Amino acid sequence: MNMPCLSLPAYYRQVDTILEALEAEAKDEMKQAGIRVREHILKECGDEVSDDVAVSFDGTWAKRGFTSLTGVVFVISVDTGEVLDYHVLCKECRKCTLKRNQCQSDEEFAEWQIEHLASNDCDINFAGSSPAMEAEGATVVWSRSVELHNIRYKWMVCDGDSKAFNAVENIYGDHCTVEKLDCVGHVQKRMGKHLMNLKARTKGKLAD
């Protein structure tokens, strides 16, 4: 169409603007979801006041193979099916990578990075291994549940991952101990896999 090409800085400015709008909308939606969960608790408990809810928790990565530089975890209410919170973990900052390629010396990049970190504009918020992102993310979302929604994630429905559960089991102190509830679908999948392997190794009918 004979239109001028969009420059890289202009493109990323547009991406940042869209991201800010999406994050603001997501925070508002999750706040309203927390209010609806509390209303559901009041209806279920009646006169008995309780701040404990059951949530489904899981994490995912940008790519498979446990080598991803970006991961995200979600907490979803079991009662309403709405997302209550999420947290993104990143081991790489796009702005740092671009600036390092532009700088002619390490000293120049180091000076820029000091200002970059001071402005809280760096995307790096995790330094461990990719598999450890899920446990770290669980710690973050559990630690701010009371602040965000004034509720506690007492029951954790997960896929059997014990690392995330161990990280948050006693996060509320002596007042509340988190309990793990394994997802029936994941239990069925693992049991089915073992039965299929047993069938493949065994000829004829099984002994029982």
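These legends walk through several views of one predicted model.

**View 1. The whole chain, from one end to the other.** Start with the big picture: the secondary structure adds up to 7 helices and 5 strands. Following the sequence, you meet them in the order α-β-β-β-α-α-α-α-β-α-β-α. So how much room do the C-alpha atoms of the chain fill? Along the principal axes, they take up a box of roughly 70 × 60 × 45 Å. The radius of gyration of the chain is 23 Å, whereas a compact globule of 208 residues would have one near 17 Å.

**View 2. Surface and contacts.** Of the 208 residues in the chain, 26% count as buried. The chain exposes about 14,400 Å², and carbon and sulfur atoms supply 54% of that. Now think about who touches whom: take the contacts between residues at least 6 apart in sequence, and 58% of them join residues at least 24 apart. As for charges, the chain has 25 positive and 34 negative ones, and their mean positions lie 10 Å apart.

**View 3. Helix α4 and its neighbours.** Is helix α4 mostly covered or mostly bare? Mostly covered: of the 11 residues in α4 (residues 133-143), 8 are buried. Met 133, Glu 134 and Ala 135 come at the start of that buried list, followed by Gly 137 and Ala 138, then Val 140, Val 141 and Trp 142. Here's a handy bit of background: an α-helix has 3.6 residues a turn, so residues three or four places apart point the same way. What do the buried residues of α4 pack against? Their partners include three strands that come before α4 in the sequence, β1 (52-61), β2 (70-77) and β3 (83-90). They also pack against β4 (152-158), along with the helices α5 (145-149) and α6 (162-168).

**View 4. Cysteines without a bond.** How many disulfides does a search of the whole structure find? The count is 0. Zoom in on Cys 90 to see why: the closest cysteine sulfur, in Cys 93, is 7.4 Å from its own sulfur, which is too far for a bond. A disulfide would need the two sulfur atoms within 2.5 Å. Cys 103 is in no disulfide either, as the nearest cysteine sulfur, that of Cys 96, is 10 Å away.

**View 5. Cys 90 and Cys 103, buried or exposed?** Cys 90 counts as buried, because its relative accessibility is 12% and the cut-off for buried is under 20%. Cys 103 counts as buried too, with a relative accessibility of 11%.

Conventions: Residues are numbered from 1 along each chain as its sequence is written. This is a predicted model: local features need pLDDT of at least 70, side-chain atom pairs count only at pLDDT 80 or more; totals for chains, interfaces and linings use all residues. Side-chain values use heavy atoms; hydrogens and water are left out. Buried means under 20% relative accessible area, exposed over 50%, partly exposed in between (1.4 Å probe, protein chains only). Helices (H or I, at least four residues) and strands (E, at least two) are DSSP runs, numbered from the N terminus. The radius of gyration is taken over C-alpha atoms; the globule rule is 2.2 Å times the number of residues to the power 0.38. Contact means heavy atoms within 4.5 Å. Accessible areas come from the Shrake-Rupley method with a 1.4 Å probe; for residues, only the protein chains shown count as cover. Lys and Arg count as positive and Asp and Glu as negative; His and the chain ends are not counted. The place of a charge is taken as NZ of Lys, CZ of Arg, CG of Asp or CD of Glu.
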